[in-house]
Amino acid sequence: MAEPLQIQVNGESRDCPSGATVGDLLRDLDLKTERVAVELNLEILDRQEFDRRGLKAGDRVEILSFIGGGGPDDGWIRRVPTHAQ
Amino acid sequence: MHNDRLVIAGREFKSRLWVGTGKYKDFAETKKAIEVSGADVVTVAVRRVNITDRSKENLLDFIDPKKYTILPNTAGCYTVEDAVRYARLARAAGVSDLVKLEVLGDEKTLFPDTGGLIEAAKILIKEGFIVLPYTNDDPIVAKKLVDIGCPAVMPLAAPIGSGLGIRNPYNLKIIMETVKVPIVVDAGVGTASDAALAMEYGADAVLMNTAIAGAQDPIAMAEAMKYAVHAGRLAYKAGRIPRKLYATASSPIEGML
């Protein structure tokens, strides 16, 4: 059994099994693929890519979806830090 | 008024009231307010999924994308790069090329950075996006946005969430005369009369969030806004009487004793 990989998902460290794909990660998180956008190391993936893209140690994954919003800043929303790291 | 449909980039919309989905107490209230408002375009933001609390409900469980046009925004973006990134993420998360483009200039006013807006719009239009830009009430900027390919412009009435109503009706009127695409008055509406006024001036639609979600009774305000936008549109189409300084009797003098 290979060592688990450590990756960053939405800014938090997470272990995933070696050989896991983006699709595996989404299933593990119980997320519906048709409702999320995934950015892997700043590259936005097509949905068809989810099961093809393998994860490697140190990968940075951002998973986003639609939330309530109207104006530019609704006060309570969590900002995605884009240039923070 | 049966065929008074709003058409933007080949898409036909039933409602001239567009609503945001932020600031509601919960998704049930969001859903009810939107239903009562009659809006068929709803704006949403794109944010990180909460991966630690997976029990959290999803907005799209309440707002059916088959029933409504989902208009993702680039809310919270202060740079061209961020706005473009969020627009691309919105397209990846969603079902269409529509985006309400916001590039903000400052946190206090949330006024658009119109230079950045034009730059971001150019990039996104080249990538096939249908860009609906949230812009200032500046006719020159509105014209530039149309010239680069925006199929509608969304000038603000007043700062987002301020409820001040239309601060500069004359600029809005100039925008309506200057550009030949639909004008969606976006942001700053406080109450029903503000929305009616925007429509009476000739706006093609009004987009609001806080005016409904922040009202004491959001559901009742959603209904008020529905009628206000409809009444304002009817009045605009009907053509108001000119303003005169003195009275004109409505009842005939003839036949009086």
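Glu39(A) is buried, with a relative accessibility of 2%; buried means under 20% relative accessible area, exposed over 50%, and partly exposed in between (1.4 Å probe, protein chains only). This comes from a predicted model, in which local features need pLDDT of at least 70 and side-chain atom pairs count only at pLDDT 80 or more, while totals for chains, interfaces and linings use all residues. Residues are numbered from 1 along each chain as its sequence is written, chains are lettered from A and ligands numbered from 1 in the order in which they are written, and side-chain values use heavy atoms, with hydrogens and water left out.

**The strand around Glu39(A)**

Let us stay with this residue for a moment. Both faces of strand E3(A) are covered: Ala37(A) and Glu39(A) are buried on one side, and Val38(A) and Leu40(A) on the other. In general, side chains of a regular strand alternate between the two faces of the sheet. Helices (H or I, at least four residues) and strands (E, at least two) are DSSP runs, numbered from the N terminus.

Two strands pair if DSSP finds at least two bridges between them. E3(A) runs antiparallel to E5(A), joined by 4 bridges, and Ala37(A) has Leu64(A) as its bridge partner there. E3(A) is also antiparallel to strand E4 (residues 43-44) of chain A, over 2 bridges, with Ile44(A) as the bridge partner of Glu39(A). These two strands form a hairpin with 2 residues between them, and Asn41(A) in the turn has a positive phi of about 45 degrees.

**Where the chains meet**

How many residues does each chain bring to the contact? Chain A gives 39 residues and chain B gives 41, where contact means heavy atoms within 4.5 Å. The area buried between them is about 3700 Å², and carbon and sulfur atoms give 57% of that; buried area is the accessible area (1.4 Å probe) that two parts lose on being put together, summed over both.

Across this interface there are 3 salt bridges. Here a salt bridge is a side-chain nitrogen of Lys or Arg within 4 Å of a carboxyl oxygen of Asp or Glu. On the side of chain A that touches chain B, the elements giving two or more residues are strands E2 (12-16), E3 (37-40) and E5 (60-68) of chain A. E5(A) makes the largest share, with 7 residues. E5(A) also runs antiparallel to strand E4 (residues 41-48) of chain B, joined by 5 bridges, and Gly68(A) has Val44(B) as its bridge partner.

**A few salt bridges**

The whole structure has 20 salt bridges over all chains, including these:

| Pair | Closest N and O atoms |
|---|---|
| Arg85(B) and Glu39(A) | 2.4 Å |
| Arg35(A) and Asp61(B) | 2.5 Å |
| Arg88(B) and Glu127(B) | 2.6 Å |
| Asp4(B) and Arg16(B) | 3.2 Å |

Arg85(B) and Glu39(A) form a salt bridge. Arg85(B) lies in helix H2 (residues 80-93) of chain B and Glu39(A) in strand E3 of chain A, so the pair joins two chains. Arg85(B) is buried too, at 14% relative accessible area.

Within chain B, Asp4(B) pairs with Arg16(B) in a salt bridge. Asp4(B) lies in the segment before strand E1 (6-8) and Arg16(B) in the loop between strands E2 (11-13) and E3 (17-20) of chain B, so the pair ties together parts that are 12 residues apart in sequence. Asp4(B) is buried at 16% relative accessibility, and Arg16(B) is buried at 9%.
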